[in-house]
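Please look over the structure shown here together with its sequence. The numbered points that follow are meant to be read slowly, with each residue located in the model along the way.

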Amino acid sequence: MQVKDRTFLITGAASGLGSATAERLVAAGASVVLCDLNDSVNAHAERLGKCAKACMADITSAEQMQRAVDEAVAFGGESGLSGVVHCAGVVSVAKLVDRDGNAADLEGYARTIKINLVGTFNVMRLAAAAMTRNTPNESGERGVIINTASVAAFDGQIGQCAYSASKAGVVGMSLPAARELSRHAIRVMAIAPGVFETPMMSEIPDEAAKALAAAVPFPKRLGKPDEFAQLAEQIITNPMLNGEVIRLDGGIRMQ
Ligand SMILES: NC(=O)c1ccc[n+]([C@@H]2O[C@H](COP(=O)([O-])OP(=O)(O)OC[C@H]3O[C@@H](n4cnc5c(N)ncnc54)[C@H](O)[C@@H]3O)[C@@H](O)[C@H]2O)c1
């Protein structure tokens with residue numbers, strides 16, 4: 001799928017990985033609809049210029065996401081919506097049993113699953129339905145969906161039961177979704193980032209961030225959001241990438 005002159009919906013676009021992806025795709029000549037709960041997405045879209053449009057929406061809401069997808073289809077004009085890069089998500093940390101012997105909060109667990117897993121399904125189903133109506137491009141493609149998992153799907157740490165389960169669910173959906181949507185010529189991929197320098201990471205203490213950076217075999221640092229965006233762009237443009245989850249992590253295996 002070409003990037004230039006195509007329209008992409010980017011969720012979580014007010015911050016971090018989604019924000020960087022929007023910037024890179026606009027620089028490559030795409031139009032983007034920036035979707036986020038946070039109203040700073042409006043200012044970000046304005047900064048990006050006339051190729052960008054903001055749409056405030058909660059990815060867990062059927063109605064709000066339908067509106068975001070409809071806006072992206074309309075923004076795309078004749079070619080409609082060519083792809084979605086779904087980055088919206090939350091991190092959470094909670095032990096099953098805390099140091100005083102109290103069981104973890106069930107609602108906290110369900111909230112993470114709802115945003116990261118159910119939200120991903122919601123974005124994927126609505127974007128896919130819209131893209132099935134596209135006229136295939138010269139290579140027969142109708143669209144591409146890129147979800148964001150995490151290395152925590154494979155090597156979750158203590159306290160990450162909810163986060164790891166939500167991201168493992170995103171990994172688990174990739175192949176069945178890609179298989180199903182292949183008859184519509186829509187590809188489905190997921191990126192599993194290691195540790196990236198974004199506002200989400202600022203939620204963990206400095207010392208822990210330093211330890212994580214030191215645990216990356218090479219390069220010994222946190223990933224830069226544009227490195228995620230580079231991979232998203234490559235996935236969009238390379239039609240052989242389908243039904244796979246790519247770790248983007250400098251070789252880290254979390255302990
Ligand atoms: N930063 C990392 O190290 C890292 C590592 C692995 C995976 N990830 C994943 O990458 C994705 C992006 O993370 P980031 O680091 O850019 O985080 P971030 O906090 O910088 O950005 C996430 C964005 O998602 C938005 N969001 C949250 N819930 C939403 C909802 N219900 N509806 C709409 N928008 C919502 C937030 O407002 C925020 O702007 C997340 O799914 C995260 O789990 C990040």
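1. A good place to begin is strand β6, residues 186-193, where 8 of the 8 residues are buried, so this strand is largely enclosed by the rest of the structure. A residue is called buried if 20 or more other C-beta atoms lie within 10 Å of its own, exposed if 12 or fewer do, and partly exposed in between, with the C-beta atoms placed from the backbone. Helices (H or I, at least four residues) and strands (E, at least two) are DSSP runs, numbered from the N terminus.

2. Some care is needed with the source of these statements, since this is a predicted model, in which local features need pLDDT of at least 70 and side-chain atom pairs count only at pLDDT 80 or more, while totals for chains, interfaces and linings use all residues. Residues are numbered from 1 along each chain as its sequence is written.

3. Which residues of β6 point one way, and which the other? Ile 186, Val 188, Ala 190 and Ala 192 point one way, whereas Arg 187, Met 189, Ile 191 and Pro 193 point the other way, and all of them are buried.

4. The strand has partners, where two strands are said to pair if DSSP finds at least two bridges between them. Strand β5, residues 143-148, pairs with β6 in the parallel sense over 6 bridges, and one such link joins Thr 148 to its bridge partner Ile 191 in β6. Strand β7, residues 245-248, also pairs with β6 in the parallel sense, here over 4 bridges, and Val 245 in β7 is the bridge partner of Ala 190.

5. Between β5 and β6 comes helix α5, residues 161-181, and together the three make a right-handed β-α-β unit. Right-handed means that, with the strands pointing away from the viewer, the path from the first strand over the helix to the second runs clockwise.

6. Ile 191, found in strand β6, deserves a closer look, because it is buried with 24 other C-beta atoms within 10 Å. Leaving aside neighbours within four places in sequence, Ile 191 is in contact with residues including Ile 146, Phe 228, Leu 231 and Ile 246, where contact means that the two C-beta atoms, placed from the backbone, lie within 7 Å. By contrast, the C-alpha atoms of Ile 191 and Lys 210, which are 19 residues apart along the chain, are separated by 23 Å.

7. A second strand to inspect is β3, residues 52-56, which is mostly covered, with 4 of its 5 residues buried. Strand β2, residues 31-36, pairs with β3 in the parallel sense over 5 bridges, and Met 56 in β3 is the bridge partner of Asp 36. The chain crosses from β2 through helix α2, residues 40-48, to β3, and this β-α-β crossover is right-handed.

8. Three places in the backbone should be checked by eye. Most residues other than glycine have a negative phi, and most peptide bonds are trans. Asp 5, in the segment before β1 (7-11), has a positive phi of about 65 degrees although it is not a glycine, and it is partly exposed, with 13 other C-beta atoms within 10 Å. Ala 185, in the loop between α5 and β6, has a positive phi near 60 degrees and counts as partly exposed with 19 C-beta neighbours inside 10 Å. The peptide bond from Phe 218 to Pro 219 is cis, with omega near -10 degrees, and Pro 219 lies in the loop between α6 (206-214) and α7 (225-237).

9. How many residues surround the ligand? There are 29, and the closest are Gly 12, Gly 16, Gly 89, Thr 198 and Met 200, with a residue counted as near if its C-beta atom, placed from the backbone, lies within 6 Å. The elements that give two or more residues to this shell are α1 (16-27) and α4 (106-131), and the largest share, 3 residues, comes from α1.

10. Finally, Pro 199 lies in the loop between β6 and α6 and counts as exposed, with 11 C-beta neighbours inside 10 Å. Leaving aside neighbours within four places in sequence, Pro 199 is in contact with Ser 15 and Gly 16, and the C-alpha atoms of Pro 199 and Ser 15, although 184 residues apart along the chain, are separated by 7.1 Å.
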